[in-house]
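Work through the exercises below with the sequence and the model open. Each task is followed by a solution in steps.

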Amino acid sequence: MEIKEEGASEEGQNFLPTPQANDTGEFQFTSIQKTPNEPQLEFILACKDLVAPVRDRKLNTLVQISVIHPAEQGLTRYSSTEIVEGTRDPLFLTGVTFPSEYPIYEETKIKLTVYDVKDKSYDTRSFLGYASFKVGDLLKSKEQVLTLSLRTSDGGKVVGTIQVSVVKMGEIEDGEADHITTDVQGQKCALVCECTAPESVSRKDNLPFLNAVLKNPVCKLYRFPTSDNKWMQIREQMSESILSFHIPKELISLQIKEDLCRNQELKELGELSPHWDNLRKNVLTHCDQMVNMYQDILTELSKETGSSFKSSSSKGEKTLEFVPINLHLQRMHVHSPHLKDALYDVITVGAPAAHFQGFKNGGLRKLLHRFETERRNTGYQFIYYSPENTAKAKEVLSNINQLQPLIATHADLLLNSASQHSPDSLKNSLKMLSEKTELFVHAFKDQLVRSALLALYTARPGGVLKKPPSPKNSTEETSSQGPPPPMRRQDSIPHHSDYDEEEWDRVWAHVGKSLNCIIAMVDKLIERDGSGEGDDGSDKDGEKGHSLGDSVITHPQEDWYEQLYPLILTLKDCMGEVVNRAKQSLTFVLLQELAYSLPQCLMLTLRRDVVFSQALAGLVCGFIIKLHTSLYDPGFLEQLHTVGLIVQYEGLLSTYSEEIGMLEDMTVGISDLKKVAFKITEATSNDVLPVITGRREHYVVEVKLPGRMFESLPLQIKEGQLLHVYPVLFNVGINEQQTLAERFGDVSLQESINQENFELLKEYYTVFMEKMPPDYISHFQEQNDLKGLLENLHQNIQAKKRKNVEIMWLAATICRKLNGIRFTCCKSAKDRTSMSVTLEQCSILRDEHQLHKDFFIRALDCMRSRQTQGALNESDDPETGCLTDNKPTSRHFYPVALLLVSSHLLVVWLILSLALLLAKYQ
């Protein structure tokens, strides 16, 4: 099956509307009994004794399938088989499948038209004969097999027979075998149609959950012979995902909130000296413009209600730049004799890249390196903080915003427990308050906060130091300043007094001391309540809150609430003072990042958000599908919460021209996925779409499961443990542009990417072997030689061989053996992606399911053929979007380089012809 972009041709895809019964009962049709979420009808075809229009001509046969709806009597071309060459008894490997939502009934007629294809390249064919049948007749026939006579257009002459056989994947055919002899490439082999009882690939009750994120499935059915001349059945399904638009909208909403919060914090930074105040105003102006842009994009995305994916023709549209290109699930379901049923999933998507912004100056990898180098070397207008320090500042700010309301909530719960005079409840509330407060205090021990406070002091009016502060050596620099008189407590940051570096230590230490006072008071209250008698003990710590501890009433019915309330109030006050100081100082750090090269900085942020959004949409789609298919695999679930999942991206971009920039974008976007963690929760409604929380440095994707599925999970996952992913990218350019790059250009980018990601893959393998249970590892090592595959992959990367596709195959094999998620990407997820996916599928059938060696190429041709998609007379050119007649049926027929050379020769020929013509008339 080819990778769909805009949708398949009109044959088989324009579903006729389901007829509605009127008052008289008209248009009441008999529905087909079917399994939920399974195709309604699938059948295979074979012809016998075909009569050639010319004696001794070897036929190249193709069958076109059309549907005649009983209500409208309109003929709709649905699909066609592959072309079988050189035989009058063709047996077709490509079947026909009607998906669950297709309006087909027992009264529906199917028309089969047989053609002799004289020239595949230009679709030159002649009519041989046709036959038709009702679906009900096929289903009610003996063994659900019909043998029909093929007749000419006038309905007179019989030109052969066609056999129609219903296929039910996974069902036992009552032990009977249908022996069909086929002549392929001069070799005869008896093929036996027989199936073993399948083992369920995925539970049926899980399918509604999967259907909530997948839409518009397109199915193809194949049957291929195995090495022992038995049939295996393959159902290929390609589906769109509504996550293509859902995830970007979720992400943009979060980014807008994050940016609005940052802008507000910049405004609340307080009074600054004229230089820094002007910089702040300039930053706020540009940041407000960016927020407006994000809001406009979100508004436009909310209007998109038609398609579930973005086609490659829309990759340059501004309003759709956050949406991934051609995001699809490509699934192969294999049912083969003597083996378990198997599913093989690949997520296909266009390379995450900022196509609207273009690649004139390169992609993110180059742009970020250049930006950071220039910023480090140009610091006369601002204070340089490394990317690590900037990220740390954002992390601390995020922790503050999360912990402060949590601490306030737990403090109120403690007071509520005190008012109820419940010792057990009081202990539990105190435990939660202590844990959150300790995390809060720990967040401010970082040296960055001290450095930022000093930097902000220098930016206040009158706060000038001879040497500008630096976050790298802030300890040495602050120690050189003599300890001045202490600050007044009501000032959050000193303005006109000398800076006291020890004041910050005293401020945040007060939070811990306040908590200690609360703990001591609770212990005292519970102790006196248990003994029934009190004494006038005092607070041991002798610190803030000491006098409050001494004032405890000693009678048994003392008011716990009144004893704790002043201490809780003191804790909140101390915490508020710490938050105020820390927020201002760390916001000043963020101001430094934005102050340098404002437009460039914000455009880089936008570009990174765009690329990350595309990558995240694909990742969430892949995670949900993997979770669905492996939900009842204990080993997978153990790996999921113990180690995490490997996510392997197969890149097919060249290192030439614009695709270099795309590859640089893609590298950063996939690397940024390390910031993503997943959490699985139980769905409380029918809405099972994922929800994203967090900020740019750390996102959590909440995946909702229906109750029955959620209960099957391990306890660690049900308790909300974060599940991590480990993305790796291996890229091998395979097109003509890569040939030019290898001969005349530079492939060092591809080599460095592959080497870097091999190290990441090796690290994951090491952690996997260390953390997984020993019994699992011993069984795993018996089944897989991962160490040998890794060594082989490393050797191929080091070999630096041109277009070394062995790298892609080895990386994909390792990923599958490690229960990972597979992605295949090229520029638009069309031509190169479809070629790679179909080759991988046929290779899996050969290596894992004993596909007959003589049928490998034919199986590959079946999956790649455009004719099996229903395009016969007209071909839809995916690159131009136009319809043309008499074009090659394969989109890969002409190499791009040949077309380029031919066009140049054509120009030369025209110039020479014009010159000769002018010479003739002169």
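**Exercise 1.** How many bridges join strand β2 to strand β6, and do they run parallel or antiparallel?

Solution. The model is predicted: local features need pLDDT of at least 70 and side-chain atom pairs pLDDT 80 or more, while totals for chains, interfaces and linings use all residues. Residues are numbered from 1 along each chain as its sequence is written, and side-chain values use heavy atoms, without hydrogens and water.
- Locate β2 at residues 60–68 and β6 at residues 109–119. Strands (E, at least two residues) and helices (H or I, at least four) are DSSP runs, numbered from the N terminus.
- Eight bridges join the two strands, which are antiparallel; pairing requires at least two DSSP bridges.
- Leu62 stands opposite Tyr115 of β6.

**Exercise 2.** Find the bridge partner of Asp116 in β7.

Solution.
- Strand β7 covers residues 124–134 and pairs with β6 in the antiparallel sense over 10 bridges.
- The partner of Asp116 there is Ser126.

**Exercise 3.** Is helix α8 largely enclosed or not, and why?

Solution.
- Helix α8 (residues 447–459) has 13 residues.
- From first C-alpha to last, α8 reaches 19 Å, close to the expected 18 Å; the expected span is 1.5 Å times one less than the number of residues.
- Count buried residues (under 20% relative accessible area, with exposed over 50%, partly exposed in between, 1.4 Å probe, protein chains only). Among them are Leu448, Leu453 and Tyr457.
- Because 11 of the 13 residues of α8 are buried, the helix is largely enclosed by the rest of the structure.

**Exercise 4.** Classify Tyr565 as buried, partly exposed or exposed.

Solution.
- Tyr565 lies in helix α12 (residues 560–595).
- Its relative accessible area is 38%, so Tyr565 is partly exposed.
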